[in-house]
Amino acid sequence: MDTRFKMEEVNPKGYAGMIELEKAQMSAGIDKRMKELIKIRASQINGCAFCIDMHTKDARKLGETEQRIYALNAWRETPFFTPEERAVLALTEAVTLITEGHVPDEVYKEARRYFDEKATAEIIMAIATINAWNRIAISSRKMPACE
């Protein structure tokens, strides 16, 4: 597959807006490894090869283990994730798969057990941001680099 176009060249203003949104996410108080788990899991659901490649590398640089990265798409079936991470992963899936019944109250309440309103809002913004990036990368066919 070939890249269709480079969004940053064809629509620089829109792309710059996404960069600003990403910068805002960088200043959020969410743990950096947790942010990468959000990005990887949403990208797995959306089938975004470029983002999966990028964020698994970023997660490894932050000390994330291969075992947890490989098991992320089956996180419910493993003992590798904390209750807080499980709540975030469930919320990530609910927000990413919003057409499957919206975000259930029990998923939201479970996230709120571990995170205050501000942190929950930051987590939801992180999920929304990676979903937007996934859609840009998938529709423009942004390709991961071969190593």
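Which helices each supply at least two residues of the lining of the largest pocket? In this predicted model, the list runs to helix 1 (7-10), helix 2 (12-26), helix 3 (32-46), helix 4 (49-61) and helix 8 (117-140). The pocket itself holds about 460 Å³ of space. Its lining comes to 25 residues, with Glu22, Lys39, Met54, His55 and Trp133 lying nearest the centre. As for chemistry, the lining splits into 13 nonpolar, three polar and nine charged residues.

Turning to the nonpolar interior, the largest core counts 35 residues, and Ile38, Leu91 and Ile123 touch the most other members. Two or more residues come from each of helix 2, helix 3, helix 4, helix 6, helix 7 (105-114) and helix 8. Helix 8 chips in the most, with eight residues. Such a picture fits a general habit: in soluble globular proteins, nonpolar side chains tend to be buried together. Looking past the neighbours within four places in sequence, isoleucine 123 is in contact with Ile30, Ile38, Val88, Leu91 and Phe115.

On the annotation side, an unreviewed UniProt entry lists residues 13-93 as "domain: Carboxymuconolactone decarboxylase-like". That span is 73% helix and 0% strand, and its end C-alpha atoms sit 29 Å apart. Glutamate 93 belongs to helix 6 (residues 83-96). With a relative accessible area of 9%, glutamate 93 falls under the 20% cut-off and so counts as buried. Setting aside neighbours within four places in sequence, glutamate 93 is in contact with Arg41, Ile45, Trp75 and Arg76.

Technical notes: Residues are numbered from 1 along each chain as its sequence is written. This is a predicted model: local features need pLDDT of at least 70, side-chain atom pairs count only at pLDDT 80 or more; totals for chains, interfaces and linings use all residues. Side-chain values use heavy atoms; hydrogens and water are left out. On a 1 Å grid over the protein atoms alone, a cavity is a set of points where a 1.4 Å probe fits but cannot get out, and a pocket is an open set with protein on both sides within 12 Å along at least five of seven lines; lining residues have an atom within 4 Å of a point. Grid points are joined across faces, edges and corners, and a volume is the space filled by probe spheres set on the points. Helices (H or I, at least four residues) and strands (E, at least two) are DSSP runs, numbered from the N terminus. Ala, Val, Leu, Ile, Met, Phe, Trp, Tyr, Cys and Pro count as nonpolar, Asp, Glu, Lys and Arg as charged, and the others, Gly among them, as polar. UniProt positions are given in the numbering used here, feature names are shortened, and annotations may be inferred rather than shown by experiment. Buried means under 20% relative accessible area, exposed over 50%, partly exposed in between (1.4 Å probe, protein chains only). Contact means heavy atoms within 4.5 Å. A nonpolar core is a set of buried Ala, Val, Leu, Ile, Met, Phe, Trp, Tyr and Cys residues joined through side-chain atoms within 4.5 Å.
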